[in-house]
Amino acid sequence: MKTSEAKQSRERVLDGLAAAPGIAIGTAHRHEHGQLHVPEYRIPVGRLEEELERFSHAARQAARQVDDLLNKAKRLPSAAAEEMGYLLEAYLQMLKGSRLVRGVAARIKSERINAESAVMREISEIVEGLAAVDDAYLAARAADIREVGSRLIRALNKTTWKPFEQLPKNAAILADELSPADAALLHPRLVAGLATEAGGMESHTAIMARSLGIPSVLGVQGLLEGVKGTETVIIDGGLGRVIIDPSPETLAKYRSLKARYIKSRRQLAGLASLPAITQDGETISLLANLELPSEVESVLSAGAEGVGLLRSEFLFMNRTSLPGEDEQYQALAQFVRALKGRPVTIRTLDAGSEKLPGLDSVGLNPALGLRAIRLSLKHPELMEAQLAACLRAGAHGPIRILLPMVMNSGEVIAVREMMTRIAKRLKRRRIPIADPLPPLGVMIEIPGAAVTADALAAQSDFFAIGTNDLTMYTLAIDRSDEAVANLYNPLHPAVLRLIQFSTEAALRARIPVSVCGEMAGEARLTGLLLGLGIRELSMAPIHLGSVKQRIRAMSLSAAIRRTRNIMDQVDSASISGLIDGFNAEIGV
Ligand code: PEP
Ligand code: MG
C-alpha cells in the first residue's frame with residue numbers, strides 16, 4: 001500500500017484491496033465508530049438532583065434521536081426498513097425506563113458519581129451478567145445494551161452519532177471499519193462507493209458490497225488521515241485504489257474510465273439471455289449468490305438460472321430478537337416466489353462473530369468456535385425454526401437446503417432426521433410444505449470435510465464448495481484480516497487439491513457439486529474450475545456476465561488439459577502463470 005503526492009495538487013493515492021468492482025466518483029463521508037469519551041468524577045450531595053436531571057435529559061435526547069432514525073429507516077428498502085425498525089424500537093424501549101436507565105439513576109444517587117461513569121458501570125454489570133450465561137441470544141442483547149450505553153454517553157457528552165443518515169449526494173463512504181450489518185444498510189442509489197481501513201477481500205462486508213454493486217476498496221492503510229469529509233474521492237473498486245482530492249487531470253481520466261466501465265457492463269448485460277455454453281458444447285449452470293432481498297431483481301436481470309447460495313444471515317441482522325418460524329417463512333417464501341420456478345438454495349444460519357456480532361458464542365477464536373451448523377445443532381429450537389420455514393417456503397417453488405461448516409456426516413444425519421420429523425409434524429397440521437422433501441446438501445469449506453468428502457457424499461444430496469472458508473482454514477489465514485490479505489491465496493496447491501478431491505468424490509457419488517465461494521465469480525479462474533470438473537458456479541450477480549463471456553469463449557477440453565498441467569504444479573506462482581496463459585489464449 002502506497003501513498004504518492006501528485007505535483008501541484010493535494011491528490012492522495014492510496015492502494016488497498018479491490019473488493020467490489022466499479023468506479024465511484026463522489027463526496028467523502030467519514031463513518032467512524034469513534035472513541036467514547038467517558039469522564040469520571042464525584043458529585044457532591046447537593047448537586048445530585050442536577051446530575052439526575054442532566055441524565056434524564058440525555059436519555060430523552062437519545063430517545064428522540066432514535067425516534068428520528070426510526071422515521072428515516074422507513075424510507076429504506078422494505079426489508080432493511082423492517083430490520084432497522086425492530087432494532088431501533090428495542091433501543092427506544094431501553095431508553096425509556098428500562099433496568100438500564102433506572103440502574104444508572106440509582107447509581108448516581110448511591111455512588112455519587114457522574115452520569116457518564118454511572119452508565120459505564122451499569123452497562124458492565126448488566127453485560128457481565130449476560131455473559132455468565134452461555135446463550136447466543138443473550139450475547140446479542142449485550143451488544144445492544146452497549147450500543148444504547150454509547151448513545152447515552154454521546155448525549156451526555158453532546159457528541160452526535162451518525163450512521164448513514166445525512167449522507168452527501170453521491171457519498172463516498174470512508175470508514176475505519178464497517179460491519180456486514182452496517183454494509184447491509186448502504187443504499188446503492190445513495191452511496192457511490194465505499195472504502196475502509198480494515199477488512200479483507202473475502203470478508204462478509206466485501207461480499208455484501210459486491211452484492212449491492214457498490215464499488216469498494218477495503219484494507220486501505222491511512223485512509224482517514226487528514227480526511228475532513230467534503231473532499232472529492234475516486235474509488236476504483238476494480239484496481240483497489242482510492243484517490244482523495246484528485247487533480248483535474250485524474251478526475252478527467254476517471255470520468256472517461258467510468259464511462260468505459262458502464263459501457264462494458266452494458267455489453268455483458270446483453271449476454272443475460274444467452275446460454276453459458278463452451279465452444280465444444282458443454283453447458284454450465286450459472287447461479288447467483290444472494291444476501292439481501294433487495295438483490296432479487298439483479299439476479300433475474302443478470303439471467304441467473306437460480307440461487308446457488310442464499311445466505312440467510314440477513315434474517316438475523318440488525319435486530320435484538322431471533323426471527324421466529326413464521327417470519328423466516330414469509331421472507332424465504334418471498335424469495336422462492338420471486339424466482340418463479342428457478343431453484344433457490346437456502347443455507348441455514350451461518351452465524352460467526354464476523355457476520356453477526358453478538359449472535360455467536362464469545363469463544364476465544366470465533367472462526368473455530370460455536371458457529372454455523374454447530375450453533376444451530378446446539379440450539380435445536382433455532383434449527384427447527386429454520387428447517388420448518390424452509391420446508392414451508394418450498395411449497396412455493398423448488399428449494400434446496402444447504403448446511404454451512406459441516407465437519408462430519410453425523411451432522412447431516414442429525415439434520416435429516418430433524419427435517420423428516422418436522423415435515424411429518426407440518427403435514428399432520430396440514431401446512432403445505434415442499435413435496436417431495438428438498439435435497440439436503442453440505443458446504444465443503446472445512447479441510448477435514450474435503451478430505452472425507454466420500455463419507456459426506458454418502459449422506460448428502462449435493463455439495464457446494466465454499467472456497468472462501470476452505471482457503472482460510474487450509475492456509476490458516478483470516479479472510480477478513482487485511483494484515484494477511486496478501487497471503488490469502490485460493491490458488492495455493494493445497495486448496496486446489498481439496499477442491500479437486502471433493503469434486504471427484506461428488507462425481508463418484510453422482511451428486512451435484514458447485515462452487516459458491518468468491519472464486520466462482522472470478523472469470524480468470526473459470527477455466528480452472530471447469531477443468532476440475534465443476535459444472536455449476538454460483539456468484540454475486542455482478543460477475544455473471546463476465547463469467548458467462550469467458551465460458552462462451554473457451555473450449556472445455558482445452559480447459560481440462562490446462563488444468564491437468566496446473567495440478568502438477570507445486571507452487572502458486574506457476575499455477576497463476578498457467579492460468580493467465582490459458583486466458584490469454586482465449587483472448588477475452
Ligand atoms: C465460503 O466460505 O466460500 C462461502 C461461500 O460461504 P461464506 O462466504 O458465506 O462463508
Ligand atoms: Mg463459508
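These legends describe close-up views of a predicted model.

**View 1. Strand β13 is mostly covered**. Strand β13 spans residues 399–403. Five of its five residues are buried. In a regular strand the side chains alternate between the two faces of the sheet. In β13, one side carries I399, I401 and L403. The other side carries R400 and L402. Both faces are covered, and the residues on each are all buried.

**View 2. β13 pairs with strands β12 and β14**. Strand β12 covers residues 344–347. β12 and β13 run in the parallel sense and share four bridges. Strand β14 covers residues 440–444. Its pairing with β13 is also in the parallel sense, over three bridges. I401 of β13 appears in both pairings. Towards β12, I401 is the bridge partner of I346. Towards β14, I401 has L440 as its bridge partner. The I401 side chain belongs to the side of β13 that also holds I399 and L403.

**View 3. A helix links β13 to β14 in a right-handed unit**. The helix is α13, residues 409–428. Together, β13, α13 and β14 make a β-α-β unit. The two strands of this unit pair in the parallel sense. L440 of β14 and I401 of β13 are bridge partners here.

**View 4. Sixteen residues surround ligand 1, the 16 residues of its shell**. Which of them come nearest? They are R311, R347, G466, N468 and R479. Three elements each supply at least two residues of the shell: α7 (204–212), β11 (307–311) and α16 (467–475). Helix α16 gives the most, with three residues. By type, the shell divides into four nonpolar, five polar and seven charged residues.

**View 5. Polar atoms of H204, N468 and R479 lie close to oxygen atoms of ligand 1, at 3.0 Å****, 2.7 Å** **and 2.7 Å**. For H204, a polar side-chain atom lies 3.0 Å from a ligand oxygen. For N468, the atom is a backbone N or O, 2.7 Å from an oxygen of ligand 1. For R479, a side-chain N or O atom is 2.7 Å from a ligand oxygen. On its own, ligand 1 has 290 Å² of accessible area, and the protein covers 100% of it. N468 and R479 are also among the residues that come nearest to the ligand.

**View 6. M539 is a buried residue of strand β17**. The strand spans residues 536–539. Is M539 buried or exposed? M539 has a relative accessible area of 1%, so it is buried; the cut-off is under 20%. L287 is 252 residues away from M539 in sequence. In space, the C-alpha atoms of M539 and L287 are 6.5 Å apart.

**View 7. T196 is buried and reaches a backbone oxygen**. T196 lies in strand β6, residues 191–196. Its relative accessible area is 1%, so T196 counts as buried. Where does the side chain of T196 reach? The side chain of T196 comes to 2.6 Å from the backbone oxygen of A198.

**View 8. T563 is a buried residue of helix α20**. The helix spans residues 556–567. T563 has 3% relative accessibility and therefore counts as buried. G533 and T563 are 30 residues apart in sequence. Their C-alpha atoms are 9.8 Å apart in space.

Note on methods. Residues numbered from 1 in each chain as written. Chains lettered and ligands numbered in written order. Predicted model: local features only at pLDDT ≥ 70, side-chain atom pairs only at ≥ 80, totals over all residues. Heavy atoms only, no water. Buried < 20%, exposed > 50% of the residue type's maximum accessible area, 1.4 Å probe, protein only. Pairing = 2+ DSSP bridges. Right-handed = clockwise from strand over helix to strand, strands pointing away. Near = heavy atom within 4 Å. Polar contact = N/O pair within 3.5 Å; in protein donor to acceptor, adjacent residues only side chain to side chain. Areas by Shrake-Rupley, 256 points an atom, 1.4 Å probe, with all protein chains shown as cover. Nonpolar A, V, L, I, M, F, W, Y, C, P; charged D, E, K, R; others polar.
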